[in-house]
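Subject: Structure handover

Hello,

Please find the structure below, handed over for your work. My notes on what was found in it follow directly after.

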Amino acid sequence: MTSWTSTAIALLEADANRSADTHLHLFPLPPEWGIDLYLKDESVHPTGSLKHRLARSLLLYGLVNGRIHENTTLVESSSGSTAVSEAYFARMLGLPFVTVVPRSTSQEKIDLIEFYGGRCHFVDRAEDMSPEAQRLASDCHGHYLDQFTFAERATDWRGNNNIAESVFSQLSQERHPIPRWIVVGAGTGGTSATFGRYVKYRRHETQIAVVDPEGSAFYDGWAGTVDAPAGRPSRIEGIGRPRVEPSFVPSVIDEMIRVPDAGSIAAIRMLRARTLHWAGGSTGTNLYGAFQLIARMRAAGETGSVVTLICDSGVRYAGTYYSDEWVAAQGWDLAPHRARLESFLETGVWAD
C-alpha cells in the first residue's frame, strides 16, 4: 500500500469519527398504543443525507481493492445526493470527480455538486447515464464508483458502525429495544441489504420492509418476476429505479409496500407540521409505509417498535415537494392522502 492510499483511508476514517452518529427521534404516537416509531435522522451528515455513509464506503471500497490511486478520476452516474457526497469526499482526497447527469437536472442540484468541486457531464436520456459513466471512466483510466452495483458489498453489514449497528445500539435502553419492523426505501438496495443481513447475523426477530414509489421495478423484482418491467424514472428522489439494480437483494427483505407519490409528499408535509422536521420525499415514502405496518400491529394487538429513516433535508426540495404550484403541475392531489394520514394518527386504523 502506498503512503498516499494509507493517508486517504485515514482521512475517510477521520471523517467518520468526526461525524459521530446521527440522532434517533421519537415520532409522537398516542402512548396507549404501546408502539414507538423512531426516525433515524440521516440528514445531519456533513453532506446532508443518508448517501454520506454510502459515498464514504464506496471510496473506501475502491481504495482497499486497489482501484483508486493518487490522481485517479472518480466517475459516477447520479444527479442526486450520492453525487453530492462523492464530490465532497473526492475533494477531501484531492481527486477529480465527474458525475453523469440527465440534461434535465435542476440547476440547484448541479450547483450543489459543483460546490464540492464535482463536474457534471450531461446526457439526453436517463438510461444513458450508466453506459456513459463507464465510457468516461475507461477513457480517462479512472474509477467508476457505480453505486448501483457496489452499494450492497461496500458496507460491512456485520458491524463497523454501519447504520444497522447504530440503530440497535441507540435502541438498547428503549422499552422495545428490538424493533418489530425496519422500514427503508431502495435506491441502490444497499441500505435494505445492510439491515437485512445485520438482523439475520445478530439473530433478531426484526423484519425488513422496503417501500417503493410509483414506476419502480424493485417491487416486481422482489415478488419474483423473472424480467421486472422497466418503469419511468421515479419522481421521489433517491429511491425507485426503472430496473432492478445489482445491489438490490430481495432475499433479505420480508415485505415490500408500494406507495403512491402523492402519499409520500403528503407525509413529509404532515411530518413538518407535527414535528418541525423538514425532510425530502423518500422520508415521506418511509412514513407512509411505516404507518401501514403500525396499523397492522394495532389490529393484531401487538406492541413494539418500528424504525425508519429521515433520508435527507427538505431544504433541497423547497421549490418542488413543498411548492403547491410544482405539486399541482405533477397532477398530484394530496388531500385524500393527508386525510388518510390524519385519520390514522387519530384512530390507529389505516383506511384503504
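Strand S7 and strand S8 (residues 207-212) run parallel and are joined by 5 bridges. Within this pairing, Trp 181 stands opposite Gln 207 in S8. Between the two strands the chain passes through helix H8 (residues 190-201), and this β-α-β crossover from S7 to S8 is right-handed. Please keep in mind that the model is predicted.

S7 also pairs with strand S10 (residues 304-310), again in the parallel sense, over 2 bridges. Here the bridge partner of Trp 181 is Val 306 in S10.

How many of the residues of strand S7 are buried? For S7 (residues 181-185) the count is 5 of 5, so the strand is largely enclosed by the rest of the structure. Both of its faces are covered. On one side the buried residues are Trp 181, Val 183 and Gly 185, and on the other they are Ile 182 and Val 184.

The wider sheet is open and has 6 strands, in the order S1-S2-S10-S7-S8-S9, with mixed pairing. Its edges are strand S1 (24-27) and strand S9 (255-258), each of which pairs on one side only. On average, neighbouring strands of this sheet are turned by 25° against each other, direction ignored.

Towards the S9 edge, S8 and S9 run parallel and are joined by 4 bridges. Asp 212 has Arg 258 in S9 as its bridge partner.

Two helices on the sheet are worth listing. H8 lies across S7, S8 and S10, and runs at about 170° to S8. Helix H11 (residues 281-299) packs on the sheet as well, touching S1, strand S2 (35-41), S7, S8, S9 and S10. The direction of H11 makes about 170° with that of S10.

The last item is an annotated site. UniProt, in an unreviewed entry, lists Lys 51 for "modified residue: N6-(pyridoxal phosphate)lysine". In the model, Lys 51 is found in helix H2 (residues 51-64). Is Lys 51 buried or exposed? Its relative accessibility is 14%, and because buried means under 20%, Lys 51 counts as buried. Which residues is Lys 51 in contact with, leaving aside its neighbours within four places in sequence? They are Ser 81, Thr 82, Ser 85, Gln 147, Thr 188 and Gly 238.

Regards

Notes. Residues numbered from 1 in each chain as written. Predicted model: local features only at pLDDT ≥ 70, side-chain atom pairs only at ≥ 80, totals over all residues. Heavy atoms only, no water. UniProt positions renumbered as here; feature names shortened; annotations may be inferred. Buried < 20%, exposed > 50% of the residue type's maximum accessible area, 1.4 Å probe, protein only. Contact = heavy atoms within 4.5 Å. Pairing = 2+ DSSP bridges. Right-handed = clockwise from strand over helix to strand, strands pointing away. Axes fitted to C-alpha atoms, helices over the stretch in contact; angles between N-to-C directions.
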